[in-house]
Amino acid sequence: MNDARGGLDAAIASAAARDLPLAAAILREAIRIPADHVDRPAGPSADGTGTGGDPLCGTSNHEGPRLRYLRRALLEAGGLLHEDDVGFDAFGNLYWVLEDPDDGVPRRDKRVVYLDGHADTVHPLRERWRECTGGLDAFDGLVDQPRLDRAFLRRELGWLPPDDEWEHLVFGRGAADQLGGVAAQIVASRILVELRAEGALRGVVVRSYVTPAEEDNEGGGPFYLTRRVFPGAPPAMLPDVVVLTEMSGDTTDGALVIRCGQRGRMTIEVRVTGRSCHGSIPREGLNPLEHGAAILAEAAARHERGEGFGHDERLGPGSRTATWARVETASDCTVPESFTFRFDRRLTAGESPDEALRAVAGLDSVARAIAAGLTVEIAVPRYEETTWRGYTPGNPRGYGAWLTPEDHPAIAAAQAAYRAVVSPHVEEPHERGGSLRREPRLGTWRFSTDGVGWPAPVDEPALVVPASKRWVTAGPMRHPAIFGLGPGIMQNAHKVGEAVDLRELRHAIAFLARYPSRFAAT
């Protein structure tokens, strides 16, 4: 058994190195695709054929061209056993299924491994890319190195390797967050199919998803599964483990950290409505802007003092900060009619959305505004934007924390898979910033990911999860073991000049191809 396992380890690592150029090509094209659409006018084309352009192509709910390309790339790469094992669901998720029917393991005994990445990016800021980087286009994954403004890129990004290693970098919007992880899913699938006779798919069903609208509504794709698909579904549809391919590197912990949890996130909207009047006689009105400013100031002061926030040893403290505002007013010499603003509230383990809402409602400044005659409405807005397939999620914009115990078998298997196919091939012998490390490391994400969509209510009677799947229960919610590993450094995400190191992509491919059967062997 050990010899067979070692042979599979070597075969997967070798195939990942061989297929890195393919993965890089898929990544570059996935980055580039929006360029075909953003500069064309929306609506029908001039000759009356086609659909015209889309200035938001590639961003949340506008991923159609990219997702259709990724489906073609999967088929062309040989990442399926059967062509009808890939498709789009009603939400707009791209999904595909891998299973070896000849592995000798009854289907009821197979482990179900989900891979999850997202296809959308934040807005490209294309002109700023060109101005600041020396002419680099946000949709161009290729690099004209002599023209690059390296000084700007080093100031802007959290981590870049030494100059003599820049041939390994691919720049472009989505390179780190997180099209590299999606390309890794596709090429890992090719390797799983190629090496199935050697046991790469033994004892597992691999269900791979590429989701839309994660940047705007993280967890929306898996939320559709847990609420619409999993209730009443057979065990072969329910995950034993979910592997997020979101970027997991850090400027100090290094690349490809195994992330086992994250804080939750919610949007808290506060609308303060007063009475408008002429600015020269403010006593005739009720000023929502001034009362709202008092609410913001008190909220900031309480956050600074840590009042009303939980703390978890692994996830850290909860947090709250103002992120958006809008004033409804007739003019700049008029007391406004209303003032609406939003808090970004990060929830650590043990904190609930209801508690976070009550904390804002209980501010002294809120009570004073109400006593003065203003109306204060505090709520969690719903996500009503339709996906590229026309589905309206309608979910509250509140996303809970999740945390997989470090002693869970799924995490032990992740460390074992890393040591098997990554550790022997990491050439850098010393730790350095965001570079690769030989030994696997465990950590948690600072930001929110698709992982927030996988927890489901404990009291959902139609969702029957066998005890053998070892789901994690946390208060009123339960979820499969979740962890993530993907190419990209967190501090490079969403920035002008975003880049990913192809050496990370290679090892992420190897890890994703090795993990399923290694997990099944536990």
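These legends walk through several close-up views of a predicted model.

**View 1. A salt bridge between helix 1 and helix 12.**
Welcome to a link between distant parts of the chain. Here the side chains of R514 and D9 form a salt bridge, with 2.5 Å from N to O. R514 belongs to helix 12 (residues 502-520), while D9 sits in helix 1 (residues 2-18), and the two positions lie 505 residues apart along the chain. Are these partners buried or exposed? Both R514 and D9 are buried. Side chains of opposite charge can pair when their charged atoms come close. In this model, the count of such salt bridges comes to 34.

**View 2. Further salt bridges, as pairs and as a network.**
Start with K110 and D103, whose side chains meet in a salt bridge of 3.3 Å, N to O. K110 is buried, and D103 is buried too. Next come R345 and E351, joined by a salt bridge of 2.9 Å, again N to O. R345 has a relative accessibility of 3%, so this residue counts as buried. E351 is also buried, because its relative accessible area of 16% is under the 20% cut-off. Finally, look for a set of charged residues linked together: D39, R126, E127, R130 and D137 form a network of salt bridges.

**View 3. The largest nonpolar core.**
This view turns to the nonpolar residues of the interior. The largest nonpolar core has 79 residues, and the members that touch the most others are L70 and Y515. Which helix gives this core its largest share? That is helix 6 (residues 175-194), with 11 residues. To get a feel for the packing, follow Y515: leaving out residues up to four places away in sequence, Y515 touches V113, V241, V243, A410, A413, A414, A417 and F483. Another core, of 25 residues, lies apart from the largest one, and V97, V205, V452 and L463 are among its members.

**View 4. R265 and its neighbours.**
Here we zoom in on a single arginine. R265 is part of strand 8 (residues 264-273). With a relative accessibility of 8%, R265 falls under the 20% cut-off and therefore counts as buried. Which residues surround R265? Setting aside neighbours within four places in sequence, R265 is in contact with D216, E218, D344, R345, R346, L347, R397, G398, Y399 and S448. One of these, R345, also appeared in View 2, in the salt bridge with E351. Within its own strand, the side chain of R265 makes a polar contact of 3.4 Å with the side chain of T267. V452 is 187 residues from R265 along the chain, but the C-alpha atoms of the two are separated by 8.7 Å.

**View 5. The largest pocket.**
Now for some empty space. Rolling a probe the size of a water molecule over the atoms shows where empty space is left. The largest pocket holds about 840 Å³ of space. Its lining is made of 37 residues, and those nearest the centre of the pocket are P353, Y399, G400, A401 and M477. Several helices and strands each supply at least two lining residues, including helix 7 (220-229), helix 9 (353-361), strand 16 (398-399) and strand 17 (402-403). Strand 20 (472-474) and strand 21 (477-479) each do so as well.

**View 6. The loop between strand 5 and helix 7.**
Two residues of this loop deserve a look. A213 lies between strand 5 (204-211) and helix 7. Although A213 is not a glycine, its phi is positive, near 60 degrees. A213 counts as buried because its relative accessibility is 2%. N217 is found in this loop between strand 5 and helix 7 as well. The relative accessible area of N217 is 1%, so this residue is buried. Beyond its neighbours within four places in sequence, N217 is in contact with Y383, P393, N395 and Y399.

**View 7. Backbone details at N61 and Q178.**
We finish with two spots along the backbone. N61 has a positive phi of about 75 degrees, though this residue is not a glycine. N61 sits in the loop between helix 2 (20-32) and helix 3 (64-77). A relative accessible area of 10% means that N61 is buried. What kind of peptide bond joins D177 and Q178? The bond is cis, with omega at about -15 degrees. Q178 has its place in helix 6.

Key:
Residues are numbered from 1 along each chain as its sequence is written. This is a predicted model: local features need pLDDT of at least 70, side-chain atom pairs count only at pLDDT 80 or more; totals for chains, interfaces and linings use all residues. Side-chain values use heavy atoms; hydrogens and water are left out. A salt bridge is a side-chain nitrogen of Lys or Arg within 4 Å of a carboxyl oxygen of Asp or Glu. Helices (H or I, at least four residues) and strands (E, at least two) are DSSP runs, numbered from the N terminus. Buried means under 20% relative accessible area, exposed over 50%, partly exposed in between (1.4 Å probe, protein chains only). A nonpolar core is a set of buried Ala, Val, Leu, Ile, Met, Phe, Trp, Tyr and Cys residues joined through side-chain atoms within 4.5 Å. Contact means heavy atoms within 4.5 Å. A polar contact is a pair of N or O atoms within 3.5 Å; within protein, one must be able to donate a hydrogen and the other to accept it, and residues adjacent in sequence count only if both atoms are side-chain atoms. On a 1 Å grid over the protein atoms alone, a cavity is a set of points where a 1.4 Å probe fits but cannot get out, and a pocket is an open set with protein on both sides within 12 Å along at least five of seven lines; lining residues have an atom within 4 Å of a point. Grid points are joined across faces, edges and corners, and a volume is the space filled by probe spheres set on the points.
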